[in-house]
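Work through the exercises below with the structure open. Each task is followed by a solution in steps.

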Amino acid sequence: MANRKSGGRRYDLDLLRYLQVLVEEQSVSLAARRLQVSEPAMSRHLARLRSVFNDPILVMSGRRMVATAFANRIRDRVQGLVRDADDLLNEGAELNLKAMSPKFTIRANDIVVGAFGPAILLALRKDCPECRIVFSPESEETASEALRGSHIDLYIGATDDLRPEIMRKALFDTSFSALVRAGHPILKGKITPHALVAYDHVSVSRKGRAFGPIDLILKERYALSRRIAMVVPTYYSLIESLRGTDMILPLPRIVIDCLPLAEMGLETFDFPFVLPPVHAFQAWHPRLDMDQLHRWMRDTVSQAIRGEMGRLGVR
């Protein structure tokens with residue numbers, strides 16, 4: 001491994017910022033676009049970084065560039081240095097939220113929107129009365145791509161397939177229970193895996209997939225399989241209609257605990273085995289990490305969700 005001596009080497013904060021963005025984007029053209037400089041200029045910055053650190057920083061892998069082991073190893077430290085420097089520059093700066101009218105685009109599934117959407121808007125508008133929220137539906141574009149392309153400001157979900165540089169913060173955990181019509185025959189006896197598979201089930205999948213964690217447990221532990229009678233794209237798609245059928249709908253507790261079950265003619269029961277919990281988090285692109293408005297937004301979103309879960313007594 002090359003010996004990296006620091007004697008006589010000079011670099012400034014801007015050079016570290018170029019390093020940060022090049023490693024995050026792993027592309028000279030994307031880094032140039034993000035920092036609003038020309039590609040030749042960004043190439044010169046990369047050449048200078050290679051000289052300063054005696055490391056290629058980015059290397060070709062097939063048709064794309066990837067960060068070197070050294071660049072990945074120092075990525076978090078560089079992000080921290082740039083973040084600390086931005087904090088110094090922003091020290092004392094105050095946001096006049098009352099005079100602003102920002103629009104925040106948040107990608108979240110129907111669970112988050114249904115359970116927390118109004119509470120999030122109320123919390124944001126308490127300090128920023130003219131703000132707006134656009135809850136963006138999931139699409140074929142990954143959350144990382146949407147954040148990277150500035151198509152969304154924040155991602156709230158549990159699908160943790162994000163790129164390493166995407167920043168995240170845990171929001172809540174939730175478990176799953178089953179929702180059925182009041183008086184469903186499964187409620188009259190002991191609920192066992194065999195009793196569970198005696199009835200039709202609803203699978204929830206935006207991509208139309210019928211197989212999930214419940215099916216995996218039934219297959220591996222009990223050699224059983226569910227009868228999937230219907231696949232719907234969202235959790236709220238069938239709730240109102242469920243009372244007219246004997247189908248079983250798995251639902252996260254944060255949804256069930258928000259429903260007036262008795263008024264809707266519905267009941268719930270726990271599965272006869274332990275399902276893995278869902279770990280929900282919020283995620284954002286590192287270029288927005290130190291942005292004061294964005295930081296206020298995501299902190300407010302986090303507080304609103306925690307407050308709503310406490311108010312509802314969600315378990």
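**Exercise 1.** In this predicted model, decide whether Y222 is buried, partly exposed or exposed.

Solution. The relative accessible area of Y222 is 30%. Buried requires a value under 20%, and exposed a value over 50%. Y222 is therefore partly exposed, at 30%.

**Exercise 2.** Apply the same test to F273 and R253, and place R253 in its element.

Solution. Step one: F273 has a relative accessible area of 8%, so it is buried. Step two: R253 comes to 6% and is therefore buried. Step three: R253 belongs to helix α9, which covers residues 253-256. As a distance check, the C-alpha atoms of R253 and H184 are 19 Å apart, with the two positions 69 residues apart in sequence numbering.

**Exercise 3.** Count the aromatic pairs, then classify the pair of F176 and Y235 and locate its two members.

Solution. Step one: the count is eight aromatic pairs, taking ring centres within 6.5 Å. Step two: for F176 and Y235 the centres are 6.2 Å apart and the planes make an angle of 50°. Planes under 30 degrees apart would be stacked and those over 60 edge-to-face, so the pair of F176 and Y235 is tilted. Step three: F176 lies in strand β7 (residues 176-181), while Y235 is in the loop between β9 (227-232) and β10 (249-252). The two are 59 residues apart, and their pair links distant parts of the chain. Both F176 and Y235 are buried.

**Exercise 4.** Do the same for Y222 and F273, and name the cluster they belong to.

Solution. Step one: the ring centres of Y222 and F273 are 6.1 Å apart, with 35° between the planes, and the pair is tilted. Step two: Y222 is in helix α8 (residues 213-222), and F273 is in the loop between β11 (266-269) and β12 (278-284). This pair also links distant parts of the chain, its members being 51 residues apart. Step three: ring pairs join Y222, F269, F271 and F273 into a cluster.

**Exercise 5.** Which ring does the charged end of R168 sit over?

Solution. The charged end of R168 sits over the ring of F281, at 5.9 Å from the ring centre.

**Exercise 6.** Describe how strands β1 and β2 are joined.

Solution. Step one: β1 (residues 58-61) and β2 (residues 64-67) run antiparallel and are joined by four bridges. Step two: S61 stands opposite R64 in β2. Step three: two residues lie between the strands of this hairpin, and G62 has a positive phi near 70°.

Note on methods
Residues are numbered from 1 along each chain as its sequence is written. This is a predicted model: local features need pLDDT of at least 70, side-chain atom pairs count only at pLDDT 80 or more; totals for chains, interfaces and linings use all residues. Side-chain values use heavy atoms; hydrogens and water are left out. Buried means under 20% relative accessible area, exposed over 50%, partly exposed in between (1.4 Å probe, protein chains only). Two strands pair if DSSP finds at least two bridges between them. Rings of Phe, Tyr and Trp (its six-membered ring) pair if their centres lie within 6.5 Å; planes under 30 degrees apart count as stacked, over 60 as edge-to-face and the rest as tilted. A charge sits over a ring if NZ of Lys or CZ of Arg is within 6 Å of the ring centre and within 35 degrees of the ring normal.
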